[in-house]
Amino acid sequence: MKSITLQMFTCCLFASAILFVACNRQSNKKVQGYAPIYSADNNIQMLPAKAYIMPGKIMTLGSLTFQIDYGSGVHVIESADMANAKKTGFISVPAITEMHMQNGVLFVDNGRDLVSIRLGNALENFQVLDRITNFFPDKGMSLPSGSGVYFECVDSTKGVITGWEKKELINPSCRTI
Amino acid sequence: MKNVLIGSLVFIVVVTAIACTKGFDTSSTSSTAVASVGSTARFAISKNRLYALGKADIGIVDIADPQNLSIVTRQNLREGLETIYPFGDALFIGTTTGVYGYNISNPNLLSAPSFISHLTACDPVVADSKNIYLTLRAGTRCNNNINLLQHYTYTMQGSNAVQMKYVTQVNMNSPRGLALNGQNLFVCDIPSGIKVFNFTANGSPNYIKTQPLDGYECYDMIPVGNKLIVQHDKGLSFCDVTDPVNNFMVLKTIE
């Protein structure tokens, strides 16, 4: 019985998908745009090196250079020998826009919070040290910059927007003026 | 008895040491290493304080103990804060309508405000001990049709206000961040690349050449001795600018 229900459901879903596609065949266009990042996400962690999505501001201290990827985190680049510099890791910091560093401690905005992070020499020494919540109370009120830019419409039930990330959008109905 | 004496002595020495550390600023000692950031930064660090721009205010945070961040103060400024750049006891804040100069000889407070207005535009700022260089760019957010590099001079004594004075300006196409390394001034200008300047006797920028950047859009730079780290639309590039006129060398691009 359960299986039949499931099959019916799948069938209906399939049918409605076809209908949906049919209805939108003319205007089902994919465009590059931006999707909002909501404030609930505060998961900071050290990850392996990854490709740039939206490269942003830079910073250097000693043998390391850092580059923000807007809204998602910080690329760590070993640059003691600049001619052979290479990415060595990525610190995920949702909704990041700014960073600074003193004595091996990274300071970032993580959404509306200000956070201090000790990097340490080894991965296992990576540690979130402190967090001041809501330090940037007015952050993220603006839309993506530029005019005529497509973005995923804001769903205020998901929280407050703290940043924007690049995303392929299908028939977006929101666009900056 | 002897042990107690030694114990007390050690205790006194330790307490004194702690008291001294608290009483004196330790940021000028070699043990404090502060990162270099670009001219478009909105965070600055000076004397164990983090200065963070908000939309219309600045937050000052004591970061001496990074496990226990404490907000020193929050000062209301005005709308349109863009960038922040400290030099010694002077702190400059670029806004969409002009440049703020502050005295931060007391790091817990932005004091003795002065303001010099320019046309409405986006404006990253860099400074040395007597010059301020900034770029003004037209843009949707910044509502104007001007693209300039401007030079100001300034003086600041003790706890007095920064005295700023306009000197000159140079036309640009669509300028972004800028970097100063003692010998040269570098300015990102889209789409041509990096404009290289040296200086006239009074510190004004003197245009030498434009360095193309392999089609990348240059957004900002950090000078590191005779090297330049360039932030662009695809990632970053490390450059050697020992002889930027004859041999502007891209050492490595990460994209």
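**Chatting through the A/B interface and its sheets**

Colleague: How many residue pairs are in polar contact between chain A and chain B?

Modeller: The count is 11 residue pairs, taking pairs with both residues at pLDDT 80 or more. Keep in mind that this is a predicted model.

Colleague: And how many salt bridges does the rule find across that interface?

Modeller: Zero between chain A and chain B.

Colleague: Okay, which strands of chain A each supply at least two residues to the side that touches chain B?

Modeller: Seven entries on that list: strand 3 (55-61), strand 4 (64-69), strand 6 (86-92), strand 7 (99-102), strand 8 (105-110), strand 9 (113-118) and strand 10 (127-132) of chain A. The largest share comes from strand 3 of chain A, with seven residues.

Colleague: What's the mix of residue classes on that side of chain A?

Modeller: By class, you get 21 nonpolar, 11 polar and eight charged residues on the side of chain A that touches chain B.

Colleague: How many residues of each chain are in contact?

Modeller: On the chain A side 40 residues, and on the chain B side 48 residues.

Colleague: And what area do the two chains bury between them?

Modeller: About 3600 Å², with 68% of it on carbon and sulfur atoms. In chain A, the residues that lose the most area to chain B are Ile58(A), Met82(A) and His100(A). Together they make up 20% of what that side buries.

Colleague: Back to strand 3 of chain A. Which strand of chain B do its bridges join it to, and is the pairing parallel or antiparallel?

Modeller: Strand 3 of chain A is joined by two bridges to strand 1 (residues 36-37) of chain B, and they run antiparallel. If you want a pair to click on, Met59(A) has Val37(B) as its bridge partner in strand 1 of chain B.

Colleague: Nice. Switching to sheets: in what order do the strands of the open sheet in chain A come?

Modeller: That sheet has four strands in the order 7-8-9-10, with antiparallel pairing. Strand 7 and strand 10 of chain A each have a single partner strand, so one side of each is left without a neighbour in the sheet. From one strand to the next, the twist averages 25 degrees.

Colleague: How many bridges hold strand 9 to strand 10 in chain A?

Modeller: Five bridges join them, and they run antiparallel. One place to look is Ser116(A), whose bridge partner in strand 10 of chain A is Asp130(A).

Colleague: Where does Asn103(A) lie?

Modeller: In the loop between strand 7 and strand 8 of chain A. The phi of Asn103(A) is near 50 degrees, a positive value in a residue other than glycine.

Colleague: Over to chain B, then. Which strands form the open sheet there?

Modeller: Four strands in the order 18-19-20-21 of chain B form an open sheet, and the pairing is antiparallel. At the edges are strand 18 (218-224) and strand 21 (247-254) of chain B, each pairing on one side only. The twist averages 25 degrees from one strand to the next. Six bridges link strand 18 of chain B with strand 19 (residues 227-232) of chain B; Ile222(B) has Ile229(B) as its bridge partner in strand 19.

Colleague: Which two residues of chain B does the cis peptide bond join?

Modeller: Ile190(B) and Pro191(B), with omega about 5 degrees. Pro191(B) lies in the loop between strand 15 (185-189) and strand 16 (193-199) of chain B.

Colleague: Last thing: how many salt bridges are there over all chains?

Modeller: Seven, searching the whole structure. One of them is between the side chains of Lys47(B) and Asp89(B), at 2.7 Å from N to O. Lys47(B) lies in the loop between strand 2 (43-46) and strand 3 (49-53) of chain B, and Asp89(B) in the loop between strand 6 (81-87) and strand 7 (90-95) of chain B, so the pair ties together parts that are 42 residues apart in sequence.

Technical notes. Residues are numbered from 1 along each chain as its sequence is written. Chains are lettered from A and ligands numbered from 1 in the order in which they are written. This is a predicted model: local features need pLDDT of at least 70, side-chain atom pairs count only at pLDDT 80 or more; totals for chains, interfaces and linings use all residues. Side-chain values use heavy atoms; hydrogens and water are left out. Contact means heavy atoms within 4.5 Å. Buried area is the accessible area (1.4 Å probe) that two parts lose on being put together, summed over both. A salt bridge is a side-chain nitrogen of Lys or Arg within 4 Å of a carboxyl oxygen of Asp or Glu. A polar contact is a pair of N or O atoms within 3.5 Å; within protein, one must be able to donate a hydrogen and the other to accept it, and residues adjacent in sequence count only if both atoms are side-chain atoms. Ala, Val, Leu, Ile, Met, Phe, Trp, Tyr, Cys and Pro count as nonpolar, Asp, Glu, Lys and Arg as charged, and the others, Gly among them, as polar. Two strands pair if DSSP finds at least two bridges between them. Axes are lines fitted to C-alpha atoms, for helices over the stretch in contact, and angles run from 0 to 180 degrees between N-to-C directions.
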